Amino acid sequence: MISLPLLPIANAKAGATALWELYEKYPEMQKEYEGTKFLHFGCTRPFMLVTSKKKVLNLVDMKGMQLRVSGRQASDAISKLGAVPVAITISELYVAIEKGVVDGVTSVWEAFSQIPVDRLNYITDVQLYVVPFWIAANPNSWDKISKEDQEVIWKELCGMAGSLMEANVFDVAEKDARELTKNGSILV
């Protein structure tokens, strides 16, 4: 449910926090991960829209745009918003934009080091969707770790602490990417 389009999730910390709090509160959610030693959740920052020729100011502007997305949930979300999802690899994106195969890409800030920013001109910094993920260990492998080490690992890297640590990686990476757009041709 956290991947639904246009939820007001401001950053990775908010998404990961919500996921961990839901996990702790609802046994039904915990049951989904039975058979694993569940460690923590992660969540990307919200994906936004980065386009080559047209600035998107509203949903009407998105109608019919060919957008590179990855994943079924993201494709479904983009379709519902009126655009056409195109499934290509990140390595194909530069040529696809250059040839007009796609009009843009959904992206998180930290991916700017991997997308052809010199071919993209506009950022619509809207919270399209986030991508959640989770980290678990094989219970048999976890049991081979000493109890003392398990306690340290759990305290520092798991539960809410692990979820927040994971989120921090995404949130910190945004700063450098925003600087890249200020120094380049992309309009924010």
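**View 1. Surroundings of S107 in strand β5 of the predicted model**. S107 belongs to β5, which covers residues 104-107. Its relative accessibility is 2%, and because buried means under 20%, S107 counts as buried. Leaving out residues up to four places away in sequence, S107 touches P46, F47, M48, V50, F112 and I115.

**View 2. The open sheet**. Five strands make up this sheet, and the pairing is mixed. The strand order is β4-β3-β5-β2-β6. The edge positions belong to β4 (84-86) and β6 (122-124). Each has a single partner strand, so one side of each lacks a neighbour in the sheet. From one strand to the next, the twist averages 30°.

**View 3. Pairing of β2 with β6**. Strand β2 (residues 48-51) runs antiparallel to β6, and three bridges join the two. In this pairing T51 of β2 stands opposite Y122 in β6.

**View 4. Helix α4 on the sheet**. Helix α4, residues 72-80, packs on the sheet and touches β3 (66-68), β4 and β5. The direction of α4 makes about 150° with that of β4.

**View 5. Helix α1 and its N-terminal cap**. Helix α1 comprises 14 residues, 12-25. At 1.5 Å a residue the helix should span 20 Å, which agrees with its end C-alpha atoms being 20 Å apart. N11 caps the N-terminal end, with a side-chain oxygen 3.2 Å from the backbone nitrogen of K13. The buried residues of α1 are A12, G15, A16, T17, L19, W20 and Y23.

Key. Residues numbered from 1 in each chain as written. Predicted model: local features only at pLDDT ≥ 70, side-chain atom pairs only at ≥ 80, totals over all residues. Heavy atoms only, no water. Helix = DSSP H or I, 4+ residues; strand = E, 2+ residues; numbered from the N terminus. Expected span 1.5 Å × (residues − 1). Buried < 20%, exposed > 50% of the residue type's maximum accessible area, 1.4 Å probe, protein only. Polar contact = N/O pair within 3.5 Å; in protein donor to acceptor, adjacent residues only side chain to side chain. Pairing = 2+ DSSP bridges. Axes fitted to C-alpha atoms, helices over the stretch in contact; angles between N-to-C directions. Contact = heavy atoms within 4.5 Å.
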